[in-house]
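These are my notebook entries on a two-chain model, written as I looked things up. I begin with what holds the chains to each other and then turn to the interior and to single residues.

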Amino acid sequence: MSGIDNFRGGWAATWTRWAGLGGEMRRGGRDAASLLLLAISPSSYRSPYRSEMARQIYLGTAPVLLWFTLLVSLLSLVLIRIVVVTAASYGLSQYALEMVVRVLVLELIPLSAALFVAVRLSLPGFSGVASLHARGEFERLRQRGLDPLRMLVVPRVVGCLFAVPALAVVSGVTALVLAYLVVHGPTPWAFDSYTRRVGHVFSPVVSVVFALKTVGLSLVVALVPFVSALRPRDAGPRRPRAALNPQLRNLVLMFVLILLVELLSLVGNYY
Amino acid sequence: MVLVAFMAVLATASVAYLLYARGFFEPTQKLVLIADDSEGITVGMDVTFSGFPIGRVNRIELGADGNVRIRVEVPKKDARWLRTSSVFTVERGMVGGTKLRAFTGLLDDPPLPDGAERRVLRGDAMAELPTLVSAIKDLLANLQAMTSADSAINASLANVQAVTEKMRGPRGALGAVFGNEADARKVVLLLERTNALLARVDGLALKADSLVGKAERQVFGDQGLVTEARATAVQLGGLLGEARASLRRVDALLVDAQAISGQARVATEDLGALRAEVDASLRKVDHLVNEINRKWPFARDTEIRLP
């Protein structure tokens, strides 16, 4: 009998946890939607929030753009060289360029841009917002008649939202240029055939999936940490899981969602 | 702001480049290739001419007649390579993708019209394989029929063997050819007679030889025909020389005659004038006679008296 009781108890616990998780996700989704709404509403870009918004967009992208592009260029160069040399040794060099474009521009660069922004921007941003929240900065802003969400959170979210596509586009273009230079050398005469191959890879479906994936990754990276930062610390009964480091929780959740977006894009591209 | 503008420009340029790479800005013309198998052909694959891509597969559909219709978009600037006499092939290698190729032999032919439909020829080794296998099968069946125990070739070979065995026998090849000994003997007899005949012919030839020797003496000897004929020829030469001299004299005579006839012509011209003068004189004499007749009393009575 005790075994069955144990079993029932286990079931009940799992169910409660799943139900709790579902509720949490619903709440998170609602918060994310409201943040997104604020991010796209024009009033967030007007004075007095305008300067903060511009500052965050600039701080989110400009300082890391050069570094990230250099890093990706280096990695791309190595990868392109390996792929081209290997393909040539098997006599398959006509497929090397397509493979490079697919692997680098379509898959690796958006993902690495998202991860880079997550580690460099949104997780520190989360810590900053959480500490501001804890210090009562939100209340102070409210007393001054300003919306703390629009002043402190939304500019950071928009900064992250802008940073991911920006980094992806700049490094993607750099990788394409590098691929051209590695494969053909510094001559303009292969431009037509190269363009044709690139066009071959970027079919309409692939292009749409690529755009959706970049947007999805930037949404995940921008929204997940800040949504959890908005959560009041003392809400709800304290479960043992809540004792987990919130930053680590964010990271895990973010990775899971990034993986989901990647999976969906792969399904869209190759099935 | 500058950053946002830069990113917007970069993103727009990237999108524009991709659209350009997809041939979005180029005017195109349509071409429908009809094949009986769409295996390996995908939307977006290139149609090449001399290894250069000149078109892109836009759509593949199954026609009402069960054939595959491959719609190809050819940019206008590349369409000049396609002529009415162009040939299109689909090639499948053992390794690597399928290739659609265009071949144009005569670039002076009229250009391919928009929306033209052309059949695709199959140019792959794999497609020919089933035909090849069936042909090989036929060949093997024939070979089997030829080599079986009761085949015609076997029977022929057995006959050849029997013949060669007969040839090896005492009567040799003749026995094998005639089948019985009597005929073979006749042939041998014939050969012997022929030998005898040949010996006689030999004797005859010897006699003919001596005859020829005599004839030679008669013809070419000291008193032979040829010697006399040579003397006659010499005499004939002398005669001919004389004849030539006579002819020369005749020639001179003819020249004289020609001169005489020339003078005669002149004389006849003078004769004409003379005759005219004689005529005039005669007329005068006539006139004179008439005058005298009229004046003299013994003139004839010319009046006609009526009764």
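**Entry: the interface.** I searched the boundary between chain A and chain B for salt bridges and found one. It is formed by A:R196 and B:D46, whose closest N and O atoms are 3.3 Å apart. I then listed polar contacts between chain A and chain B, with both residues at pLDDT 80 or more, and counted five residue pairs. On the side of chain A that touches chain B, I noted that helix 2 (50-89), helix 5 and helix 6 (191-201) of chain A are the elements that give two or more residues. Helix 6 of chain A has the largest share of that side, with eight residues.

For the extent of the interface, I found 22 residues of chain A in contact with 20 residues of chain B. The area buried between chain A and chain B came to about 1700 Å², and carbon and sulfur atoms give 70% of it.

**Entry: confidence.** I reminded myself that this is a predicted model, and that its scores are ipTM 0.76 and pTM 0.61. For chain B I read a mean pLDDT of 85, with 93% of the residues at 70 or more.

**Entry: the cores.** Which residues touch the most other members of the largest nonpolar core? I looked through its 78 residues and wrote down A:L35, A:V117, A:V153, A:V157 and A:F202. Helix 5 (residues 148-184) of chain A gives the most to this core, namely 20 residues. Apart from that core I found another one, of 22 residues, which includes B:I41, B:V57, B:A79 and B:V120. I also followed A:V117 outward and, leaving aside neighbours within four places in sequence, found A:V117 in contact with A:S122, A:C160, A:A163, A:V164, A:L167 and A:V221.

**Entry: chain B as a whole.** I counted six helices and seven strands in chain B, and along the sequence these follow the pattern α-β-β-β-β-β-β-β-α-α-α-α-α. Of the 307 residues in chain B, 19% are buried. Among the contacts in chain B with a separation of 6 or more, I found that 57% join residues 24 or more positions apart.

**Entry: salt bridges in chain B.** Over all chains, my search of the whole structure returned 15 salt bridges, and I followed several of those in chain B. B:K30 and B:E73 form one, with the closest N and O atoms 3.6 Å apart. Because B:K30 lies in strand 1 (residues 28-35) of chain B and B:E73 in strand 4 of chain B, the pair ties together parts that are 43 residues apart in sequence. I checked the exposure of both partners: B:K30 is partly exposed at a relative accessible area of 40%, whereas B:E73, at 19%, is buried.

Next I took B:E61 and B:R71, which form a salt bridge with closest N and O atoms 3.1 Å apart. The pair links distant parts of the chain, with B:E61 in strand 3 (residues 52-62) of chain B and B:R71 in strand 4 of chain B, ten residues apart. B:R71 has a relative accessible area of 24% and is therefore partly exposed.

I also noted that the side chains of B:R101 and B:E91 meet in a salt bridge of 3.4 Å, N to O. B:R101 is in strand 6 (residues 98-103) of chain B and B:E91 is in strand 5 of chain B, so this pair ties together parts ten residues apart in sequence. I read a relative accessibility of 28% for B:R101, which counts as partly exposed. Tracing shared partners, I found B:R59, B:E61, B:R69, B:R71 and B:E117 joined by salt bridges into one network.

**Entry: B:S86.** Is B:S86 buried or exposed? I read 6% relative accessibility, so B:S86 counts as buried, and I located B:S86 in the loop between strand 4 (68-75) and strand 5 (87-92) of chain B. A polar atom of the B:S86 side chain lies 2.8 Å from the backbone nitrogen of B:R83, and the side chains of B:S86 and B:T104 are joined by a polar contact of 2.6 Å. Neighbours within four places in sequence aside, I found B:S86 in contact with B:W81, B:F103, B:T104 and B:R118.

**Entry: B:V187.** I closed with B:V187, which is found in helix 5 (residues 181-220) of chain B. Its relative accessible area is 19%, and B:V187 is therefore buried, the cut-off being under 20%. Not counting residues up to four places away in sequence, B:V187 touches B:L174 and B:F178. The C-alpha atoms of B:V187 and B:L174 are separated by 8.3 Å, the two residues being 13 apart along the chain.

Notes
Residues are numbered from 1 along each chain as its sequence is written. Chains are lettered from A and ligands numbered from 1 in the order in which they are written. Side-chain values use heavy atoms; hydrogens and water are left out. pLDDT is the predictor's confidence in each residue, from 0 to 100. A nonpolar core is a set of buried Ala, Val, Leu, Ile, Met, Phe, Trp, Tyr and Cys residues joined through side-chain atoms within 4.5 Å. Buried means under 20% relative accessible area, exposed over 50%, partly exposed in between (1.4 Å probe, protein chains only). Helices (H or I, at least four residues) and strands (E, at least two) are DSSP runs, numbered from the N terminus. Contact means heavy atoms within 4.5 Å. Buried area is the accessible area (1.4 Å probe) that two parts lose on being put together, summed over both. A salt bridge is a side-chain nitrogen of Lys or Arg within 4 Å of a carboxyl oxygen of Asp or Glu. A polar contact is a pair of N or O atoms within 3.5 Å; within protein, one must be able to donate a hydrogen and the other to accept it, and residues adjacent in sequence count only if both atoms are side-chain atoms.
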